[in-house]
Amino acid sequence: MSAQSYTAATSVDEALEAMATGARPIAGGTDLVVGARGGKAPLPDALVAIHRVSELRGIREQEGGLVLGALATHADIVASSSACELFTALADASAIVGSHATRTAGTIGGNVMNASPAMETGGPLICFDAVATLRSASGTRRVALTDLFTGPGRTVAEPGELLTELAIPTPKDGTGSCYARLEYRRQMEIAIVGATAVVTLDGGTVRDARIAITALAPTIHRVAEAEQALNGSDASDAAVHAAADAAAGASRPISDVRGSAQYRRAMAAVLTRRAISTAITRARGGRFPIPASPALHGAVNGGAA
Ligand SMILES: Cc1cc2nc3c(=O)[nH]c(=O)nc-3n(C[C@H](O)[C@H](O)[C@H](O)COP(=O)(O)OP(=O)(O)OC[C@H]3O[C@@H](n4cnc5c(N)ncnc54)[C@H](O)[C@@H]3O)c2cc1C
């Protein structure tokens, strides 16, 4: 599985130089190397390691939002009080990636650029209006996450483009959010079905609802019909159920060893309902543990879905 050439960049410019001649970036390697070892895809001929590029590290607050360096790990996100308080659905997502070791090595940049339709952070980033900065030897451009994914494992990024950071605007006051996934075990799992809800309340009324579904279509995407069912409502159980049913109706799941399309569609309604209800609880100031998913298992077993 060995690559024919490997360099380790110490700056973005060095990384871009290597990428201009065809090298693929490698950050934590938990998708690229683990996939190659497992026979999923061979390693690229040329690799440029970016884990020593300090410009790509860290999470910083800036006027109006948060900036995640491409090398911010899932563990960094969960440890960030800003991420947990303002972007709770993202913290829910990062907190359930793989195991402790996976979260320590795996980066947000790698998660996004690997572009799996089942990856955890895509739904939250899309619902929070995240914008990716892509740099290449010939310039810089910004792409909204909602426009980034084009299919399983594919993005609009050109081969020479490096994701350097993700900027996320601070949500309005009164916003609560949640990412919940269906999983058969609590560690070392990937979403069989996932749902994100970001809900802004004004008094008792839903002013803005963003709902995205994961592992239910070739790309993670928002569901306008589900959002419409909730927007302007009083956040009642009936409105939540209508939104969840709309999300399930918009899904186009596949059947595979992990679940049939029919089962996935049925679970889409359940998971979306849980994500919305938890987002509403959080928007009202109620406490709900991060990550939400394990706590929601109680809802499965207790039937209080
Ligand atoms: C045991 C295990 C469990 C896992 N569980 C989960 C899970 O529950 N949920 C989940 O979503 N994922 C899971 N993963 C997948 C993986 O850990 C995450 O997607 C992780 O965030 C990938 O980050 P990385 O830095 O390791 O990426 P890498 O493997 O280094 O890179 C992945 C891809 O992104 C590209 N890339 C990386 N950084 C950049 C950049 N800055 N700019 C442009 N391209 C870039 C690489 O070229 C490669 O194509 C799991 C993996 C393992 C091994």
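Let's start with T164, which touches V12, L56, G69, A70, T133 and R135, not counting residues up to four places away in sequence; contact here means heavy atoms within 4.5 Å. T164 sits in strand β10. Strands (E, at least two residues) and helices (H or I, at least four) are DSSP runs, numbered from the N terminus. Is T164 buried or exposed? At 9% relative accessibility, T164 counts as buried. Buried means under 20% relative accessible area, exposed means over 50%, and partly exposed is in between, with a 1.4 Å probe and protein chains only.

A quick word on the model. It is a predicted one, where local features need pLDDT of at least 70 and side-chain atom pairs count only at pLDDT 80 or more, while totals for chains, interfaces and linings use all residues. Residues are numbered from 1 along each chain as its sequence is written, and side-chain values use heavy atoms, with hydrogens and water left out.

Now, who pairs with β10? Strand β10, residues 162-169, pairs with β5 in the antiparallel sense over five bridges. Two strands pair if DSSP finds at least two bridges between them. One spot to find on your screen is L66, which stands opposite I168 in β10.

Let's stay with β5, residues 65-69. Five of its five residues are buried. On one side you have G65, V67 and G69, and on the other L66 and L68, so to speak two covered faces. β5 also pairs with β4, residues 59-62, in the antiparallel sense, over four bridges. Along that pairing, E61 has L66 as its bridge partner, and I59 stands opposite L68. β4 and β5 form a hairpin with two residues between them, and G64 in the turn has a positive phi of about 85°.

Next, the other sheet I'd like you to look at. It is an open sheet of four strands in the order β11-β12-β13-β14, with antiparallel pairing. Why do β11 and β14 each have a side without a neighbour in the sheet? They stand at the edges, each with a single partner strand, so one side is left free of a neighbour. Between β11 and β12 there are eight bridges, and in one of them L182 is partnered with V193 of β12.

Keep V193 in mind, please. Leaving aside its neighbours within four places in sequence, V193 is in contact with A180, R181, L182, T214, A215, L216, R264, M267, A268 and L271.

That brings us to the cores. A nonpolar core is a set of buried Ala, Val, Leu, Ile, Met, Phe, Trp, Tyr and Cys residues joined through side-chain atoms within 4.5 Å. In soluble globular proteins, nonpolar side chains tend to be buried together. The largest core here has 36 residues, and V193, V199, L230 and I276 have the most contacts inside it. Elements that each supply at least two residues of this core include β11, β12, β13, α10 and α12. Which one gives the most? That is α12, with ten residues. There is also a second, separate core of 35 residues, with A115, L134, F149 and I168 among them.

So let's look at α12, residues 261-283. Of its 23 residues, 17 are buried. The expected span of a helix is 1.5 Å times one less than its number of residues. For α12 that gives 33 Å, and its end C-alpha atoms are 32 Å apart, which agrees. Just after the helix, G285 takes a positive phi of about 95°.

Another helix, α10, holds E227. With 8% relative accessibility, E227 counts as buried. Apart from neighbours within four places in sequence, E227 is in contact with A209, R210, I211 and R222.

Last stop, the ligand. How many residues surround the ligand? There are 33, and the closest are P25, T30, D31, T107 and E189; a residue counts as near if one of its heavy atoms lies within 4 Å. For polar contacts, we take pairs of N or O atoms within 3.5 Å; within protein, one must be able to donate a hydrogen and the other to accept it, and residues adjacent in sequence count only if both atoms are side-chain atoms. A polar side-chain atom of R24 lies 2.9 Å from an oxygen atom of the ligand. Polar backbone atoms take part too: one of G28 is 2.8 Å from a ligand oxygen, and one of I96 is 3.5 Å from a ligand oxygen.
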